[in-house]
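Here's a quick briefing for anyone meeting this structure for the first time. Have a look at the sequence and the model, then read on.

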Amino acid sequence: MIKHLAFFSSPISEEIREEGRAQSRAEDILLVLEQRGIDVPDQVREQITNCRNTTILRHWLRHAVTAPTAKDVFTDE
């Protein structure tokens, strides 16, 4: 039996995978902040969870490790 695998290499499937990666990265950022005991205001949580750009989310994740506040995740320092 030959399986039809075109879906797995289609642009739609890649888009679905990218959305999953973005969601996972956003969850990672919030987890890092939570584990560090940093309060995450609703506005910051919304900005993080609504972002779908994995490059930006990766940048924010790096900042989440050392940022003194949740809002500082978005700074370029």
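Does helix 1 pass helix 3 in a left-handed or a right-handed crossing, and which residues make the contact? The crossing of helix 1 with helix 3 is left-handed, and the residues are listed further down. Keep in mind that this is a predicted model. The protein chain has 3 helices and 0 strands, so a walk along the sequence gives the pattern α-α-α.**The chain as a whole**

- Out of the 77 residues in the protein chain, 26% are buried.
- If you take the contacts with a separation of 6 or more, 57% of them join residues 24 or more positions apart.

**Helix 1 against helix 3**

- These two helices pack at an angle of about 15 degrees, and their axes are 9 Å apart.
- That angle makes helix 1 roughly parallel to helix 3.
- On the helix 1 side, the contact is made by Glu18, Arg21, Ala22, Arg25, Ala26, Asp28, Ile29, Val32 and Leu33.
- On the helix 3 side, you'll find Thr54, Leu57, Arg58, Trp60, Leu61 and Ala64.
- Sorted by kind, the residues of this contact come out as 9 nonpolar, 1 polar and 5 charged.

**Helix 1 against helix 2**

- The axes of helix 1 and helix 2 come within 8 Å and cross at roughly 150 degrees.
- The two helices are therefore roughly antiparallel to each other.
- Helix 1 passes helix 2 in a right-handed crossing.
- Helix 1 brings Ala26, Ile29, Leu30 and Leu33 to this contact, while helix 2 brings Arg45, Ile48 and Thr49.
- Here the split is 5 nonpolar, 1 polar and 1 charged.

**The largest nonpolar core**

- This core holds 16 residues, and the ones touching the most other members are Ile29, Leu33, Ile48, Leu57 and Trp60.
- Helix 1 (11-35), helix 2 (42-50) and helix 3 (54-64) are the elements that give two or more residues to the core.
- Helix 1 supplies the largest share of the core, with 5 residues.
- Ile29 and Leu33 are worth finding on the model: both belong to the contact of helix 1 with helix 2, and both also turn up in the contact of helix 1 with helix 3.
- Leu57 is another good one to click on: leaving out residues up to four places away in sequence, Leu57 touches Ala22, Arg25, Ala26, Ile29, Ile48 and Cys51.

**Two residues of helix 3 to look up**

- Thr54 sits in helix 3, and at 18% relative accessibility this residue counts as buried.
- Once neighbours within four places in sequence are set aside, Thr54 is in contact with Glu18, Arg21, Ala22 and Arg25.
- Those four partners of Thr54 are also among the residues that helix 1 brings to its contact with helix 3.
- His63 is in helix 3 too, and this residue counts as buried because its relative accessibility is 12%, with the cut-off for buried being under 20%.
- His63 and Asp76 are 13 residues apart in sequence, and their C-alpha atoms are 8.4 Å apart in space.

Definitions and conventions. Residues are numbered from 1 along each chain as its sequence is written. This is a predicted model: local features need pLDDT of at least 70, side-chain atom pairs count only at pLDDT 80 or more; totals for chains, interfaces and linings use all residues. Side-chain values use heavy atoms; hydrogens and water are left out. A nonpolar core is a set of buried Ala, Val, Leu, Ile, Met, Phe, Trp, Tyr and Cys residues joined through side-chain atoms within 4.5 Å. Buried means under 20% relative accessible area, exposed over 50%, partly exposed in between (1.4 Å probe, protein chains only). Helices (H or I, at least four residues) and strands (E, at least two) are DSSP runs, numbered from the N terminus. Contact means heavy atoms within 4.5 Å. Axes are lines fitted to C-alpha atoms, for helices over the stretch in contact, and angles run from 0 to 180 degrees between N-to-C directions. Angles under 35 degrees count as roughly parallel, over 145 as roughly antiparallel, 65 to 115 as roughly perpendicular and the rest as oblique. A crossing is left-handed if the near helix is turned anticlockwise from the far one by less than a right angle, and right-handed if clockwise. Ala, Val, Leu, Ile, Met, Phe, Trp, Tyr, Cys and Pro count as nonpolar, Asp, Glu, Lys and Arg as charged, and the others, Gly among them, as polar.
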